[in-house]
Amino acid sequence: MPIPEYSSLFICPQTGKKLRQATSEEMESMQVAGQPNLDGAWIREDAAVAYPVKKGIPLLVPGEAILLQLKTPTP
């Protein structure tokens with residue numbers, strides 16, 4: 001999925017934090033975790049949630065947010 005030039009304006013509707021485009025590895029893990037049929041996703045800078053892209057449209061609304069599992073550092 002190409003990155004639109006206006007994507008720098010994408011922010012989380014809940015926190016106002018910036019969003020970045022999901023990598024192919026992140027997309028693969030989301031689909032394995034039960035999120036099929038995604039064209040892409042935008043991930044919040046703290047990696048706590050992702051907003052899906054379906055049929056080319058970013059769904060940047062709280063009800064569509066996908067909770068992501070945060071990796072905890074191992075001691």
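What percentage of the 75 residues of the protein count as buried? In this predicted model, in which residues are numbered from 1 along each chain as its sequence is written, local features need pLDDT of at least 70 and side-chain atom pairs count only at pLDDT 80 or more, while totals for chains, interfaces and linings use all residues. Side-chain values rest on heavy atoms, with hydrogens and water left out. Of the 75 residues, 28% count as buried, where buried means under 20% relative accessible area, exposed over 50% and partly exposed in between (1.4 Å probe, protein chains only). The accessible surface of the protein, calculated by the Shrake-Rupley method with a 1.4 Å probe and, for residues, with only the protein chains shown as cover, comes to about 5300 Å², of which 56% belongs to carbon and sulfur atoms.

The protein has 1 helix and 5 strands, taken as DSSP runs numbered from the N terminus (helices H or I with at least four residues, strands E with at least two), and along the sequence these elements follow the pattern β-α-β-β-β-β. With contact defined as heavy atoms within 4.5 Å, 33% of the contacts between residues at least 6 apart in sequence join residues at least 24 apart.

Strand 2 pairs with two other strands, pairing being assigned if DSSP finds at least two bridges between the strands. Strand 1 and strand 2 run in the antiparallel sense over 3 bridges, and leucine 19 has arginine 44 of strand 2 as its bridge partner. Strand 2 and strand 3 are likewise paired in the antiparallel sense, over 4 bridges, and here alanine 41 has proline 52 of strand 3 as its bridge partner. Strand 2 is mostly covered, with 5 of its 5 residues buried; Gly40, Trp42 and Arg44 point one way from the strand, whereas Ala41 and Ile43 point the other way.

The largest nonpolar core, a set of buried Ala, Val, Leu, Ile, Met, Phe, Trp, Tyr and Cys residues joined through side-chain atoms within 4.5 Å, is made up of 8 residues, namely Ala22, Met27, Met30, Leu38, Ala41, Ile43, Ala50 and Ile66. Helix 1 (24–32) and strand 2 (40–44) are the elements that give two or more residues to this core. A second, separate core holds 7 residues, including Cys12, Val49, Tyr51 and Val53. Beyond the residues up to four places away in sequence, alanine 50 touches Met30, Ala41, Trp42, Ile43, Glu64, Ala65, Ile66 and Leu68.

The structure holds 1 aromatic pair, the criterion being that ring centres of Phe, Tyr and Trp (its six-membered ring) lie within 6.5 Å, with planes under 30 degrees apart counted as stacked, over 60 as edge-to-face and the rest as tilted. Phenylalanine 10 and tryptophan 42 form this edge-to-face pair, at 4.8 Å centre to centre and with 85° between the planes. Because phenylalanine 10 lies in the segment before strand 1 (19–21) and tryptophan 42 in strand 2, the pair ties together parts that are 32 residues apart in sequence. Phenylalanine 10 is buried at 11% relative accessibility, and tryptophan 42 is buried with a relative accessible area of 4%.

A salt bridge is assigned where a side-chain nitrogen of Lys or Arg lies within 4 Å of a carboxyl oxygen of Asp or Glu, and by this rule the count comes to 3. Aspartate 46 and lysine 17 meet in one of them at 3.4 Å, N to O, a pair that links the loop between strand 2 and strand 3 to the segment before strand 1, 29 residues apart. Aspartate 46 also forms a salt bridge with arginine 44, the closest N and O atoms being 2.8 Å apart, and Lys17, Arg44 and Asp46 are thus joined into one network by salt bridges that share partners. Within this network arginine 44 is buried at 8%, whereas aspartate 46 is partly exposed at 29% and lysine 17 is partly exposed at 32%. Glutamate 26 and arginine 20 form a further salt bridge, with 2.7 Å between the closest N and O atoms.

Most residues other than glycine have a negative phi. Alanine 47, in the hairpin of strand 2 and strand 3 with 4 residues between the strands, takes a positive phi near 60° and is partly exposed at 28% relative accessibility. Lysine 55, in the loop between strand 3 and strand 4 (57–58), has a positive phi of about 55° and is exposed at 79% relative accessibility.
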